[in-house]
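Visitor: Hey, got a minute to walk me through this one? I'd like to poke around the packing and the empty spaces.

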Amino acid sequence: MHQIQDQRKKKVLASCFRRIGRCTVSCILVLLTQFALTLVPHFFPASSLLIQLTLSVVVLVFVLGLGRWCRRIVGVYASAPALVLFNLIFIWAVYSFIVRRAIPYFINIVFNIEVTLLFLGVCSILSSDPGLVTHGSSDANKLIETKAFGVEAHYESSALLKRVRYCKSCKAYIKGFDHHCPAFGNCIGQNNYVLFMILLVGFLTTEASYIVCLSQFSRGSQILDGTWVETDLAGSLVVSTMLFSLLQVIWQVVFFTWHLYCICFNIRTDEWINWKKYPEFQLVIQSQPGESFTRVMFKNPYDNGYLQNVKEFLSVKG
């Protein structure tokens, strides 16, 4: 009995040390990335915004590749959710210690509220249930019966088992599965899709607000006092975090637009990519006389029009 308890304690301790190690690596990688980005405005201060953005992409790719190579040697990998949180903390620290002094009181309050809500949202989605079909539930029992007959996990007559898909990362069945999000370390499914979209809006709003604050800061940068080195480092941090935020906004706008499309047409990312795996998305066209093959085309059986699709998305409950 004591041996079993000791083994459990050892497993818990090993898990804790592993998480601490991953968080430590993530923190170091964020600091290395952010300070590497300061080299762009430091050495190319007169370059255009487009050139600086391009150079920032090159720096990011180089640092991330170097970090991956170093992590393989050390044997400890970073945590994607920790990277998200530490980047957010770093941006907030730059704002609090440098940018905030040039920002009006009301805008300062609004921005801090946005960041706080974003933190709460990220923490919520990390532990949220995406629509997991747990072992022993009625959903799981029906799913097992379905698989026993070799039928795809789709019940038109059962709302509970509607569009249940398998996530290879989590090794679990998820209702309304869209994709596995590495940034949040969780699946995005029926129960947390709305929260996921709210978080995307939150990131875009907060990053756009930060860029606006930087514009305000650039106009009132004369309030910075101290030595030349301090001012130069502060200015480089401001510009580099602005470049980082702009890159984030660019790809997140594309990502958000894609998910708006999916919502309007009532289709999931997994279904769009792997539609040939799901029979309900396949329209078989019989061959014409003289042809020796049949064509399989895509069809969306869940598309009920924009308004109904959006209404269904907003009315889904976990």
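Visitor: Let's start small. Which helix is Ser 26 found in?

Guide: Ser 26 is in helix H1. Keep in mind that we're looking at a predicted model.

Visitor: Is Ser 26 buried or exposed?

Guide: Ser 26 has a relative accessible area of 0%, so it counts as buried.

Visitor: And what is Ser 26 in contact with, leaving aside neighbours within four places in sequence?

Guide: Ala 78, Ser 79, Ala 82, Leu 83 and Phe 86. Take Leu 83: it sits 57 residues from Ser 26 along the chain, yet their C-alpha atoms are separated by 5.4 Å.

Visitor: Zooming out, how many helices and strands are there in the protein chain?

Guide: The chain has 10 helices and 6 strands. Of its 318 residues, 40% are buried. Looking at contacts with a separation of 6 or more, 64% come from residues 24 or more positions apart.

Visitor: OK, pockets. What's the volume of the largest pocket?

Guide: About 950 Å³. It has 35 lining residues, and the closest to its centre are Val 84, Asn 87, Phe 244, Gln 248 and Trp 251.

Visitor: Which elements supply at least two residues each to that pocket's lining?

Guide: Helices H1 (2-37), H3 (49-74), H4 (80-99), H7 (193-219) and H8 (228-264), along with strand E3 (179-181).

Visitor: And how does that lining split by class?

Guide: There are 24 nonpolar residues in the pocket lining, 8 polar and 3 charged.

Visitor: What about closed voids? How many cavities of 30 Å³ or more does a search of the whole structure find?

Guide: The search finds 1. The largest cavity has a volume of about 100 Å³, and its lining includes Gln 190, Tyr 193, Cys 262, Arg 268 and Glu 312. H7, H8 and helix H10 (306-315) each give two or more residues to that lining, with the largest share, 3 residues, coming from H10.

Visitor: What's the class mix for the lining of that cavity?

Guide: The cavity lining divides into 6 nonpolar, 3 polar and 2 charged residues.

Visitor: Switching to the solid parts. How many residues does the largest nonpolar core have?

Guide: It has 58, and those with the most contacts inside it are Ile 98, Val 99, Phe 184, Tyr 193, Phe 196, Met 197 and Tyr 210. H7 gives the most to this core, with 12 residues.

Visitor: Where does this core lie relative to the domains?

Guide: Between domain 1 (1-131 + 176-267 + 302-315) and domain 2 (269-301), because both give residues to it.

Visitor: Pick Tyr 210 from that list. What is it in contact with beyond four places in sequence?

Guide: Tyr 210 contacts Ile 91, Val 94, Tyr 95, Val 99, Phe 111, Thr 241, Met 242 and Ser 245. There's also a second, separate core of 5 residues, with Cys 167, Ala 172, Ile 174 and Cys 187 among them.

Visitor: One last residue. Where is Ile 188 found?

Guide: Ile 188 is in strand E4, residues 186-188. Its relative accessibility is 0%, so Ile 188 counts as buried.

Visitor: Which residues does Ile 188 touch, not counting those up to four places away in sequence?

Guide: Ile 125, Pro 130, Gly 176, Phe 177, Asp 178, His 179, Cys 181, Tyr 193 and Phe 196. For Phe 177, which is 11 residues from Ile 188 along the chain, the C-alpha separation is 6.1 Å.

Key
Residues are numbered from 1 along each chain as its sequence is written. This is a predicted model: local features need pLDDT of at least 70, side-chain atom pairs count only at pLDDT 80 or more; totals for chains, interfaces and linings use all residues. Side-chain values use heavy atoms; hydrogens and water are left out. On a 1 Å grid over the protein atoms alone, a cavity is a set of points where a 1.4 Å probe fits but cannot get out, and a pocket is an open set with protein on both sides within 12 Å along at least five of seven lines; lining residues have an atom within 4 Å of a point. Grid points are joined across faces, edges and corners, and a volume is the space filled by probe spheres set on the points. Helices (H or I, at least four residues) and strands (E, at least two) are DSSP runs, numbered from the N terminus. Ala, Val, Leu, Ile, Met, Phe, Trp, Tyr, Cys and Pro count as nonpolar, Asp, Glu, Lys and Arg as charged, and the others, Gly among them, as polar. A nonpolar core is a set of buried Ala, Val, Leu, Ile, Met, Phe, Trp, Tyr and Cys residues joined through side-chain atoms within 4.5 Å. Buried means under 20% relative accessible area, exposed over 50%, partly exposed in between (1.4 Å probe, protein chains only). Domain bounds come from an automatic or database domain assignment. Contact means heavy atoms within 4.5 Å.
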